[in-house]
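Colleague: I would like to learn how to read a model of this kind feature by feature, with the general idea set out before each case. Could we go through it together?

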Amino acid sequence: MKRKTFTPQQISTILKEHENGKDLDAIIRDHGVSKASFYKWRKRYGGMEATELKKLKALEEENRKLKMMYADLALDLKVAKEIIEKKL
């Protein structure tokens, strides 16, 4: 099944619809979202506006990139240490 990604604005709109009293089954059917995804979004992003959500997603993406950079550098350091030990 193809994975669909939602923009922060769409997630915010979906959560606002539920807060305004729209039935959960109708929201799931209209937007093609699973119940698990909806509850995960509500837990994580409940009460946030679209701009806050967008900033949070940008920070999460930056954090992911920094973790990858750290992992690459740690691997390079480990390889360099092994090479130095072999030469000694």
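Modeller: Let us start with a backbone detail: Gly32, just after α2, takes a positive phi of about 70°. The helix labels follow a fixed rule, in which helices (H or I, at least four residues) and strands (E, at least two) are DSSP runs, numbered from the N terminus.

Colleague: What conventions stand behind the numbering and the values?

Modeller: This is a predicted model, in which local features need pLDDT of at least 70, side-chain atom pairs count only at pLDDT 80 or more, and totals for chains, interfaces and linings use all residues. Residues are numbered from 1 along each chain as its sequence is written, and side-chain values use heavy atoms, with hydrogens and water left out.

Colleague: What is the mean pLDDT of the protein, and where is confidence lowest and highest?

Modeller: The general idea is that pLDDT gives the predictor's confidence in each residue, from 0 to 100, and that where pLDDT is low, the predicted coordinates should not be read in detail. Here the protein has a mean pLDDT of 89, with 95% of its residues at 70 or more. Confidence is lowest in α1, at a mean of 89, and highest in helix α4 (residues 50–87), at 93.

Colleague: Which residues of helix α2 are buried, and what covers them?

Modeller: Burial is read from relative accessible area, where buried means under 20%, exposed over 50%, and partly exposed in between (1.4 Å probe, protein chains only). In helix α2 (residues 24–31) the buried residues are Leu24, Ala26, Ile27 and Ile28, and their cover includes α1 (8–19) and α3 (35–45). His31, which also lies in helix α2, is partly exposed because its relative accessible area is 24%. The C-alpha atoms of His31 and Gly21, ten residues apart along the chain, are separated by 16 Å, whereas those of Phe38 and Ile28, ten residues apart along the chain, are separated by 8.0 Å.

Colleague: Which residues make up the largest nonpolar core?

Modeller: Such a core is a set of buried Ala, Val, Leu, Ile, Met, Phe, Trp, Tyr and Cys residues joined through side-chain atoms within 4.5 Å. The largest one has twelve residues: Phe6, Ile11, Ile14, Leu15, Leu24, Ile27, Ile28, Val33, Phe38, Trp41, Tyr45 and Leu53. Helices α1, α2 and α3 each supply at least two residues of this core. For contacts, meaning heavy atoms within 4.5 Å, Val33 touches Phe6, Ile14, Ile28, Phe38 and Trp41, not counting residues up to four places away in sequence. With sequence neighbours left out in the manner just described, Phe38 of helix α3 touches Ile14, Leu15, His18, Leu24 and Val33.

Colleague: How many aromatic pairs are there, and why is the pair of Phe6 and Trp41 edge-to-face?

Modeller: Rings of Phe, Tyr and Trp (its six-membered ring) pair if their centres lie within 6.5 Å, and planes under 30 degrees apart count as stacked, over 60 as edge-to-face and the rest as tilted. By this rule there are two aromatic pairs. The rings of Phe6 and Trp41 have centres 5.1 Å apart and planes at 80°, so they form an edge-to-face pair. Because Phe6 lies in the segment before α1 and Trp41 in helix α3, the pair ties together parts that are 35 residues apart in sequence. Both Phe6 and Trp41 are buried. Phe38 and Tyr39 form an edge-to-face pair, at 5.7 Å centre to centre and 70° between the planes; Phe38 is buried at a relative accessible area of 1%, whereas Tyr39 counts as partly exposed at 39%.

Colleague: Which residues line the largest cavity?

Modeller: On a 1 Å grid over the protein atoms alone, a cavity is a set of points where a 1.4 Å probe fits but cannot get out, and lining residues have an atom within 4 Å of a point. Grid points are joined across faces, edges and corners, and a volume is the space filled by probe spheres set on the points. There is one cavity of 30 Å³ or more, and the largest cavity holds about 40 Å³ of space. Its lining consists of Ser12, Leu15, Lys16, Glu19, Tyr45, Gly46, Gly47 and Met48, with α1 giving the most, four residues.

Key. On a 1 Å grid over the protein atoms alone, a cavity is a set of points where a 1.4 Å probe fits but cannot get out, and a pocket is an open set with protein on both sides within 12 Å along at least five of seven lines; lining residues have an atom within 4 Å of a point.
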